[in-house]
Amino acid sequence: MRLVLVLLVLVGILVADHRFNAMLGARAVLEMVATPVYWAAEAPVKLFDWGRERLVSHAQLLEDKQRLQQENLVLQGRSQQMASLQAENVRLRALMNSSAILRDDVQVAELVGVSPDPERHQLVINKGSDDGVFVGQPLLDADGLLGQVVEVSPQLSRVLLITDATHSIPVQVNRNGVRAIAEGTGSLGQLEVHHVSATTDIREGDLLVTSGLGGRFPAGYPVAVVSNVYRDPGKAFANIFATPSAALDRSRHVLLVFTAPANKEGD
Amino acid sequence: MDTRGPQAYWLILVSFFGALVLAILPLPRYLLIWRPEWVALVLIYWSMALPHRVGLLTALCLGLMLDVLEGALLGQNATGLVVVAVLVMLLYQRIRVFNLWQQSGVVFVLVSLNQMVCQWLQQWEGLGSERLLFLLPAAISALIWPVVYFSLRSARRSYRVS
């Protein structure tokens, strides 16, 4: 009797979650209850990191300092140019009568967990709705786009990576603006670009950036580099594979992007 | 509150908490497939040792927690664990008198069932691989069962949970 009841409840939950996406509230509550589990699972990693940070030699620190100073100099030089380029960009955009692209605000978040299931490419980060994170928010690392937020609880949120088999993202080729859709393949090092006709100008080595179509991801962030293009004369579409730019399995600090409203012209 | 004796629920809770932590502990990618099903193992032990305490509802709550932690479809692991709990509650009198390796065999079958239910629900969701590799955690779980069994039994005896 109890068994029948429990199984009925389970079927209800499964269908509600899968077909109607109706369990988001319950998931958020459960996630909140589960937060201590994340902290406990992360503790060994934290301890290891802490130890590694404390036990660096003096020489190593000096070397790091020198390298960072040099890097800083280079970056400062570049950012000087950046100001004038930005002003020029705004002027040109004004000439072309389109709205100005504001710079996006970002917030740094730290990884606290990865999905234990190899079939699911998901991360858990240590920022939640208390920090203003929302479902659908894009996530970057230093090299490119990582994915988007799919679940939010007060302290944590869950991120779907661009390589998950259920994820697709509108992109365009940086070189010539050809638009396409890049889908996750379920393997960490590969995206597949679908439905690009065999005659389209797209080559190995092309950089794919977000196109901003669909209104979810802001335009212009690097997503992947085309690694292979197979053109079969008998088929209407080319088989195109790309390698994600972001370090999907190595990044520990990630950036949450808060897109300025003026940027949502593509909606 | 007495921390020993029949009322020592906290030991059961702590062991489940530990199992959940072990289940999501970050591992390198190539090791993920070798992770034993800690939650299922601990659940099998408690529902075999104390079937009047740990049963369907525990399995349900634990499964839902695991679903949220794994980011799986809500109810996926819960269904698998409920199936496991039901079978243990039907068979616990036999399992108790089995020797350790026979118990391991039973654990292999139970965890395999759990994995198959999860795999089946994942396929329904559109994920999952075609290979039989998802049975590997069941074999690892069966191998590690004696360790789980002896450590939980000695903890249960020293705190006299019943």
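User: What makes the contacts of chain B long in sequence range, counting those between residues at least 6 apart?

Analyst: Of these contacts, 70% join residues at least 24 apart, where a contact means C-beta atoms, placed from the backbone, within 7 Å. This is a predicted model, in which local features need pLDDT of at least 70 and side-chain atom pairs count only at pLDDT 80 or more, while totals for chains, interfaces and linings use all residues. Residues are numbered from 1 along each chain as its sequence is written, and chains are lettered from A and ligands numbered from 1 in the order in which they are written.

User: How do you know whether chain B agrees with a compact globule?

Analyst: The globule rule is 2.2 Å times the number of residues to the power 0.38, with the radius of gyration taken over C-alpha atoms. For 162 residues this gives a value near 15 Å, and chain B has 15 Å, so the two agree.

User: Why is chain B given the pattern α-α-α-α-α-α?

Analyst: Chain B has six helices and zero strands, so the pattern along the sequence contains α alone. Helices are DSSP runs of H or I with at least four residues, strands are runs of E with at least two, and both are numbered from the N terminus.

User: What makes up the side of chain B that touches chain A?

Analyst: In total, 34 residues of chain B are in contact with 30 of chain A. Helices 1, 3, 4 and 5 of chain B each give two or more residues to this side; helix 3 gives the largest share, seven. By class there are 23 nonpolar, seven polar and four charged residues.

User: Which residues touch the most other members of the largest nonpolar core?

Analyst: Among them are A:Leu146, A:Ala182, B:Leu20 and B:Val84, in a core of 93 residues. Such a core is a set of buried Ala, Val, Leu, Ile, Met, Phe, Trp, Tyr and Cys residues joined through C-beta atoms within 7 Å. Buried means that 20 or more other C-beta atoms lie within 10 Å of a residue's own. B:Val84 touches, among others, B:Leu43, B:Ile44 and B:Leu110, not counting residues up to four places away in sequence.

User: What makes strands 6 and 9 of chain A a pair?

Analyst: Pairing requires at least two bridges found by DSSP; three join these antiparallel strands, so they qualify. A:Gln172 stands opposite A:Val209 in strand 9. The six strands close into an antiparallel barrel in the order 6-7-8-11-10-9.

Conventions: Two residues are in contact if their C-beta atoms, placed from the backbone, lie within 7 Å. Ala, Val, Leu, Ile, Met, Phe, Trp, Tyr, Cys and Pro count as nonpolar, Asp, Glu, Lys and Arg as charged, and the others, Gly among them, as polar. A residue is buried if 20 or more other C-beta atoms lie within 10 Å of its own, exposed if 12 or fewer, and partly exposed in between; C-beta atoms are placed from the backbone.
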